[in-house]
Amino acid sequence: MTGPAPKRSSAGLQTCRRAVLVAFTAAVSVLALACGPDYYEIPIETPIQPKLDVSPFQRVLVAGFISGGSEDVDANQETVRLLRSQLRTKSQLKVIDADILPLMEIAQDQTKAAGAVDEPSSGAHEGGQQTTVQTTPTADRPAQDKTMALSNKIKNEKDLEPYERLFANTAYWKRIGEEYQNPLIVTGTVLFVPDSKSGYVQRDEEIIDSFGRRVVRPVRQYMERKGFILRPKFVFIDGRTGATMYSESHREEILYNAQQNTPALSSYFELMDRIVPNFLSALSSQKIKGTRVLLK
Amino acid sequence: MKPAAAILVAFVAALSTAPAYADARRDAKAQVDFGINVAQRGLWREAIYRWEKATQIDPTYAAAFNDLGIGYEHEGDLTKARKAYEKALELDPNNQQIRQNYELFKEINDRTSSKEK
């Protein structure tokens with residue numbers, strides 16, 4: 001006995017549709033998983049070879065720096081301390097603990113001595129601020145030296161420039177090298193000067209709009225800013241010969257809101273923090289961590 | 001030859017070369033995938049070998065050159081890395097991910113090569 005086929009209820013129809021939808025979603029998910037993403041972020045470590053061949057050396061002497069600029073920071077002392085501590089942990093070389101050389105005074109003494117030898121009567125002093133002498137080339141001094149004007153107080157690069165002749169004095173550095181069993185000698189100049197800049201800067205401002213929503217928008221504002229500029233020059237000298245092997249200069253600056261009172265020493269360390277990896281990469285291989293995107 | 005016949009010949013020729021190109025890309029892609037897999041497990045030398053192979057199979061595959069650049073960078077071979085990245089960008093100049101990788105690479109490379117003396 002047959003009767004009319006029962007009509008499919010609306011609930012049954014809905015269940016059927018839901019099943020189809022679930023199956024479709026599952027199929028799409030499986031397909032997506034099978035294909036996978038087209039890119040992958042991957043951490044990498046780039047090894048950087050040292051710029052200098054330090055294999056002939058077992059020891060390193062951070063001798064001292066000719067420094068100038070802000071009086072709030074003794075850039076010579078701080079730079080020597082910082083570099084020695086960094087080299088102890090991040091270099092294979094044994095760091096020599098020695099008194100920091102007062103290179104500024106040494107350079108001045110050398111200038112005076114050279115003047116006394118060459119022209120005993122020419123020691124010209126200008127208000128006690130500068131030592132100016134005429135020199136002739138000797139084994140200890142480069143031939144291009146004509147007039148040396150060593151300012152007692154280094155305020156800028158111009159004041160610092162004449163002092164750099166000290167690094168070319170191979171006889172002096174060879175003597176220092178012999179004193180410490182021929183190490184690699186690290187020396188140079190450090191200029192740490194206050195800086196101020198005023199002008200328009202862009203910053204993000206949070207406001208509440210007419211609908212009561214919190215919105216961030218960029219605004220240009222005139223600001224007075226103060227900070228510091230750090231300009232170190234690292235000179236690497238072969239303690240066996242006294243000759244300069246390599247030198248590199250850096251420049252970093254930092255500016256704060258004029259109302260912000262940041263101590264000079266903390267600014268110095270903040271700026272040195274940016275430079276130290278470059279300094280270390282001259283002596284030892286470094287690994288720079290980063291992330292890259294691998295593509296399919 | 002009639003124009004219609006010429007078009008037909010060209011069409012058939014295109015059809016016959018297309019599978020060869022597709023095969024090369026498929027084989028190169030397999031090498032790239034394998035390279036990514038092993039690189040994620042830290043086996044960079046094997047990854048570089050696979051990506052080099054991929055670029056030989058399909059020299060127009062930008063992603064393979066990009067990955068090869070990353071591999072060389074990780075191994076510290078910055079000269080080869082630069083060449084690989086530049087080739088990847090030449091093949092796919094609008095790819096932002098390749099460009100980003102290259103910019104990051106350049107930042108390191110420029111920093112380490114900024115010698116005064």
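The exercises below deal with two residues of chain A, the fold of chain B and the contact between the two chains.

The model is predicted: local features need pLDDT of at least 70 and side-chain atom pairs count only at pLDDT 80 or more, while totals for chains, interfaces and linings use all residues. Residues are numbered from 1 along each chain as its sequence is written, and chains are lettered from A and ligands numbered from 1 in the order in which they are written.

**Exercise 1.** Place Lys90(A) and Leu87(A) in the secondary structure, and decide whether each is buried, partly exposed or exposed.

Solution. Step 1: helices (H or I, at least four residues) and strands (E, at least two) are DSSP runs, numbered from the N terminus. Lys90(A) belongs to helix H2 of chain A, residues 75-90, and Leu87(A) is in helix H2 as well.

Step 2: a residue is buried if 20 or more other C-beta atoms lie within 10 Å of its own, exposed if 12 or fewer, and partly exposed in between, with C-beta atoms placed from the backbone. Leu87(A) is buried because it has 22 C-beta neighbours inside 10 Å. Lys90(A) has 15 inside 10 Å, so it counts as partly exposed.

**Exercise 2.** Which residues do Lys90(A) and Leu87(A) touch, not counting residues up to four places away in sequence?

Solution. Step 1: two residues are in contact if their C-beta atoms, placed from the backbone, lie within 7 Å.

Step 2: with residues up to four places away left out, Lys90(A) touches Leu280(A) and Ser284(A). By the rule of the task, Leu87(A) touches Val60(A), Leu93(A) and Val95(A).

Step 3: look also at C-alpha separations. Lys90(A) and Ser285(A) are 195 residues apart along the chain, with their C-alpha atoms 9.3 Å apart. For Leu87(A) and Val276(A), 189 residues apart, the separation is 10.0 Å.

**Exercise 3.** Describe the fold of chain B.

Solution. Step 1: count the elements. Chain B has 5 helices and 0 strands, in the order α-α-α-α-α along the sequence.

Step 2: of its 117 residues, 30% count as buried.

Step 3: among contacts in chain B with a separation of 6 or more, 44% join residues 24 or more positions apart.

**Exercise 4.** How many residues does each chain give to the contact between A and B?

Solution. Step 1: chain A gives 23 residues and chain B gives 23.

Step 2: on the side of chain A, strand S1 (39-48), strand S9 (244-249), helix H6 (264-283) and strand S11 (286-295) each supply at least two residues. S1(A) gives the most, with 8 residues.
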